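Q: Got a structure open here and some bench time to plan around. Can you walk me through the pockets and the core?
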Amino acid sequence: MTAFLTRLLGRLPIGYLQLMHHPGRLLAALAGVAFANVLVFVQLGLAGSMSESVAIPYRLFQPDLLILSPAESEALSDAATLPRQRLFQALVHPDVTGGTPVYMGRSTWISGHDASSSIQFFGLAPEATAFFHDALAAPLASLSLADTVLVDTLTRFVDMRSFAASHPEAPVPLEIQSRQLGAIGTVSIGGGFGGDGVFLVSDQTFFHLFPQRSSATPSHILLALAPGADPGRVAAELVQLYPPDSVRIRPISEAMEQEVRYQMTERPTGLIFAFGVVIGIVVGIVIAYQVLSADVADHIREYATFKAMGFQQSFFIGIILEEAIILAAIGFWPGLAFSLLFYETLAYLTNIPIFMTPERAVAVFIGTIIACAVSGMLAMRKLAAAEPADLF
């Protein structure tokens, strides 16, 4: 390694040799860097998981435009209802070729094993398959049977293996809201942070489960546009058809992005994750600073000799940066390994969509190098301000 670094740097790798001279301190520093990386990875993973959870219900749909209530909340599941007549008013526009309402409600499912799960129900028109993901077309058509449901195999806290063989000809019974339903198929959606699972039912079954709701008050309305129509233009024109501030109309992708932004910047959970990332970075900087500062103090006389011989400050900066980059490059990998293990364990235990992405790994690696470099610069302040004669 010494020979390789000598060729790479064009000089003796003083920083590397100094780190190797104190193996105990080096191991402690690497452990600290790895720990800081784990903190950052965990917070970023949870934040990414929340963003992915927000996107899950949007990906069930494939409309051109989404009509929402004018309520202040940006969350799809928290939005208030709106009059169904908004759908008929939208159909007047020449570029709107169709539409369908979506009904949303939440209930608690207590299985036979006394496990309790919070379930998000989507009430959908079985014949409107063109508005939903292609993989849902055939299962949704089967929901025309009364009191049938597509259950989410990723529902938390419930053993879903008994539903694996569910079929329209052999429904698996379950009871929710004191009503007997028959599971005729499965979907893999996941509940995320807002609930434990998502069940799909027909609009008529939805009204049986939630008798306080009616077909006149959908949660959202999906619209299909003519080929080549500009969604932004059509949305702006549709808003003019309604009373002021009575609806919000957006492309589905824009609505999803705005809710993700809302959850991450305005809701407490997103702010907590961001604060956790900052804490992880600060911990990493402090640990690296302690190690590099101690190394500078241990070799202060050697540095004084070099300084008296005429070596410029850039030479010492190069040594400290060399140490910082070595700490970051080596300490990153155990942090990544522990974080991957944490992600897999958490995903297995909770079914939340948490996973490592190449972009996140690269960003944390670059951030680790920068944090260690900042620590090195802070550790060099004493040497930069001192005179050689004062250092002996």
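A: First, a term. A pocket here is an open set of grid points with protein on both sides within 12 Å along at least five of seven lines, and lining residues have an atom within 4 Å of a point. Also, this is a predicted model.

Q: OK. Which element gives the most to the lining of the second largest pocket?
A: That is α12, with 8 residues.

Q: What is the volume of that second largest pocket?
A: About 300 Å³. Of its 18 lining residues, Val-40, Ile-281, Val-364, Gly-367 and Thr-368 are the closest to the centre. α3, α9 and α12 (358-379) each give two or more residues to this lining.

Q: And how do the residues of that lining divide by class?
A: 12 are nonpolar, 5 polar and 1 charged.

Q: Now the largest pocket. What volume?
A: About 600 Å³. It has 33 lining residues, and the closest to its centre are Ser-77, Arg-106, Gln-120, Gly-194 and Glu-259.

Q: Which elements give two or more residues to that lining?
A: α3, β2, β3, β7, α8 and α9 (268-298). α3 gives the most, with 5 residues.

Q: How many charged residues are in that lining?
A: 6 are charged, next to 14 nonpolar and 13 polar.

Q: Switching to the inside. How many residues has the largest nonpolar core?
A: 29. Phe-61, Leu-66, Val-102, Phe-122, Leu-124, Phe-132 and Leu-200 have the most contacts inside it.

Q: Which elements supply at least two residues of this core?
A: Two helices, α3 (23-58) and α8 (252-265), plus strands β1 (65-68), β2 (96-110), β3 (116-124), β6 (179-187), β7 (197-202) and β8 (220-225). The largest share, 3 residues, comes from α3.

Q: Zoom in on Phe-122. What does it touch?
A: Leaving out residues up to four places away in sequence, Phe-122 touches Pro-57, Leu-60 and Phe-61. Its other partners are Val-102, Tyr-103 and Met-104, then Val-198, Phe-199, Leu-200 and Val-201.

Q: What about the second core, which residues does it include?
A: That one is separate and has 22 residues, among them Ala-288, Val-291, Ile-300 and Tyr-303.

Q: Last thing, confidence. What is the mean pLDDT?
A: 84 for the protein, with 92% of residues at 70 or more.

Q: Which element has the lowest mean pLDDT?
A: Helix α14 (residues 388-391), at 56. β8 has the highest, at 93. Where pLDDT is low, the predicted coordinates should not be read in detail.

Methods:
Residues numbered from 1 in each chain as written. Predicted model: local features only at pLDDT ≥ 70, side-chain atom pairs only at ≥ 80, totals over all residues. Heavy atoms only, no water. Core = buried A, V, L, I, M, F, W, Y, C linked by side-chain atoms within 4.5 Å. Buried < 20%, exposed > 50% of the residue type's maximum accessible area, 1.4 Å probe, protein only. Helix = DSSP H or I, 4+ residues; strand = E, 2+ residues; numbered from the N terminus. Contact = heavy atoms within 4.5 Å. 1 Å grid on protein atoms, 1.4 Å probe; cavity = no way out; pocket = protein on both sides within 12 Å on 5 of 7 lines; lining within 4 Å. Points joined across faces, edges and corners; volume = space filled by probe spheres on them. Nonpolar A, V, L, I, M, F, W, Y, C, P; charged D, E, K, R; others polar. pLDDT = per-residue confidence, 0-100.
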